[in-house]
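Please open the model in your viewer and keep the selection panel to hand. The tour below moves from the whole chain to single residues, with a suggestion at each stop of what to select.

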Amino acid sequence: MFSKHILVVALVVGAWSFLATAQESDPLPALETRVERLQAHIETVESIRAIKRLQYAYGHYVELGLWNDFADLFADDAVTNYQAGVHGKAAIRQLFFAQVGQGKLGLSAGRIYPHILFQPVITLAPDGQTAKGRWRILAMLGGYGGSATWYSGVYENEYVLEDGVWKISVIHSEPKVTAAYTAAGWKDSGVHVPFHYTAASVTTSVTTPIPASASRSAKVTSLADRVNQLARRAARLNDQAEVTNLQDTYGYAADRKLWDQVAGLFTQNGTLELGLQGVYVGKASIRHALDQFGPKGPRDGELNDHIYLETLVSVAPDGRTAMARGVELIMSGAPGGSSAPGGRNGELSEGVFENTFVKQAATWKIQSVHFYPRMIVDAAAGWARSAKPAPGPSKQFPPDLPPTASYEIYPKFAVAPFHFDNPVTGKPPQYPDGTPSSAESAMARARPAAAAPSGTRLTPEAGLRDAERSLARAEAYDAAENLIGAYSYYLDESPSDVASLFVQPGRNTASGSSIFVNQILQPVIDVAPDARSAKVRARLLNLGGTSGGAGYWAAGTFEGQIVSEQGAWKFQTARSSSTWSAPYPGGWARTPTRF
């Protein structure tokens, strides 16, 4: 009897040992759990990128008066603080059609309306169904023969995911500073828009871990397909960031007139088309054409800032090509400039770019640059008293081909065709009748090819490791952008919170207290291969002075190192350097003070 009992125990122990061994030798459940977690994290980062795309589209549509597309970005029951708090998508559409569009799509001749959004801090709710975002806005208001006003403000918006599509549910916009072009300086509104985030929350991971619910019936083959599909999605997120970095790097090289570096960013058969100056084809031709803007390197007293904002990138499913639309501000001035209108002044130019990119040997290159100037004005006079035509082809540096489009710029109205569809409706933009873009819609309708099958098939384990590393880099990019934005907003309104964004206090060289608005623009975020740190280079364009009194512009560079420690992203170092400053009246029309 005793021996039978021992035999039963031995059989039971043996059975459990066999099951345990079988479970240990079967890696499928553990892989499925990791895949579920990876998918949840990818969806979170994709949501953050979709919200940024949504808000950038908002800025592009508003600038050109595409009121139908603009209103379609809102939820049906959206809440705003526009004019007595108009509510609902239909009412928003009606308000802008009537008040800004004067009953039609587009803008009247002589009207200027850029609403440029940048410096996002995006926070996704734990359930992934809603989100909040803080944004900086720089607007240019008024028109030719009327008024001209700079407006800098803050948005604290809310978003909702409906039927798989992100929409704007709440718009809360407040001015920070404003200034008539003829004023002595900036006027501080004194309005503070509460932060939707805390110093602790903004440094944490942008992803929201969602409990895994893996299906244990999956097969290794289907799991491998799923891993490959998720890896492609993670790769496209990194492609977006890399293309944005490339576009911004192009701007920094143009600032310094580093013409060899600018040309080196293009493919061998790349093209350059700046306004109505014609098309230069091939890297050698582009390099030669750049000499028309002066010799290499800036001269003393010269200003040549090319500021890229609101860049919206569309990567083809196969990851081989991409398109980007954004806003370009050009602040230029020659040595010996005058602050008096009609003198030898600097210029302010604003327009949009529609550029294309290709990936060659794992490196993104510029295939084409096409800049559509919207406005060129005398920097001292501003857009109420000045409007210059777009220059034509150079006789000294003739282009290889004539311009691909013909149009007039401010005070006339024209629309550069969009490469992307409305992010909510998925439909092409509704252009105003009679605009040049209507006839050029074939370019806007170009669509990337379907995704090509991957040439390399990794095992699920190896593929999963690669996908996890790829997603970590994408996540780091958005974490860095959140941190940069929070740093800037805290400098403006809550300096005591700045130290909490640093690994160690005292590693920050911030700007002075006379600055109303610390604008950090055009960040190039270089994430390390291990996704544990990132180097940041950005542009400063600060607005300072005494409220209602003398004001000034202050430009510079921002460089920093961001690191991830114990699940929190913080600055290890941050350094601001001044490059030039100028009094608000006349601005950079006169020779700016360089540092």
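What follows is a walk through a predicted model, beginning with the chain as a whole.

**The whole chain.** Show the protein chain as a cartoon, and its secondary structure comes to 11 helices and 21 strands. Of its 595 residues, 55% count as buried, and the chain exposes about 24600 Å², of which carbon and sulfur atoms supply 56%. If you draw the contacts between residues at least 6 apart in sequence, 68% of them join residues at least 24 apart.

**The nonpolar cores.** Next select Y58, F70, Y82, Y487 and F571, which touch the most other members among the 82 residues of the largest nonpolar core. Helix 11, residues 460–493, gives the most to this core, with 11 residues. In soluble globular proteins, nonpolar side chains tend to be buried together. Centre the view on F571 and, leaving aside its neighbours within four places in sequence, you will find it in contact with L483, I484, Y487, L501, F502, V503, F558, Q561 and I562. A second, separate core has 37 residues, including L138, V177, A379 and A555.

**An acidic residue in helix 11.** Which residues does D478 contact, once its neighbours within four places in sequence are left aside? Select D478, whose place is in helix 11, and the partners that appear are V45, I48, R49, K52 and V206. D478 has a relative accessible area of 1%, and it therefore counts as buried, the cut-off being under 20%.

**Helix 4.** Move to residues 89–99, which form helix 4, and colour K89, I92, L95, F96 and F97, since these are buried. The buried residues of this helix pack against helix 3 (67–71) and strand 1 (74–80).

**The second largest pocket.** Now select F293, N304, H306, I330 and E347, which among the 38 lining residues of the second largest pocket lie nearest its centre. This pocket has a volume of about 900 Å³, and the elements that give two or more residues to its lining are helix 6 (220–255), helix 7 (259–264), strand 9 (266–274), strand 11 (303–315), strand 12 (321–333), strand 13 (347–360) and strand 14 (363–378). By class, the lining divides into 20 nonpolar, 12 polar and 6 charged residues.

**The second largest cavity.** The structure also holds 4 cavities of 30 Å³ or more, and the second largest cavity has a volume of about 60 Å³. To find the latter, select its lining, which is W150, Y181, A379, W553, Y584, P585, G586, G587 and W588; this set has 7 nonpolar, 2 polar and no charged residues. A379 is a residue to keep selected here, as it lines this cavity and also belongs to the second core.

**Backbone geometry.** For the last stop, turn to the backbone torsions. Most residues other than glycine have a negative phi, and most peptide bonds are trans. Q119, in strand 3 (residues 115–124), has a positive phi of about 55° although it is not a glycine, and with a relative accessible area of 5% it is buried. E310, which is found in strand 11, likewise has a positive phi of about 55° without being a glycine, and it counts as buried at 2% relative accessibility. Finally, select Y410 and P411, where the peptide bond from the former to the latter is cis, with omega near 15°; P411 is found in the loop between strand 14 and helix 9 (436–439).

Definitions and conventions:
Residues numbered from 1 in each chain as written. Predicted model: local features only at pLDDT ≥ 70, side-chain atom pairs only at ≥ 80, totals over all residues. Heavy atoms only, no water. 1 Å grid on protein atoms, 1.4 Å probe; cavity = no way out; pocket = protein on both sides within 12 Å on 5 of 7 lines; lining within 4 Å. Points joined across faces, edges and corners; volume = space filled by probe spheres on them. Nonpolar A, V, L, I, M, F, W, Y, C, P; charged D, E, K, R; others polar. Buried < 20%, exposed > 50% of the residue type's maximum accessible area, 1.4 Å probe, protein only. Helix = DSSP H or I, 4+ residues; strand = E, 2+ residues; numbered from the N terminus. Contact = heavy atoms within 4.5 Å. Areas by Shrake-Rupley, 256 points an atom, 1.4 Å probe, with all protein chains shown as cover. Core = buried A, V, L, I, M, F, W, Y, C linked by side-chain atoms within 4.5 Å.
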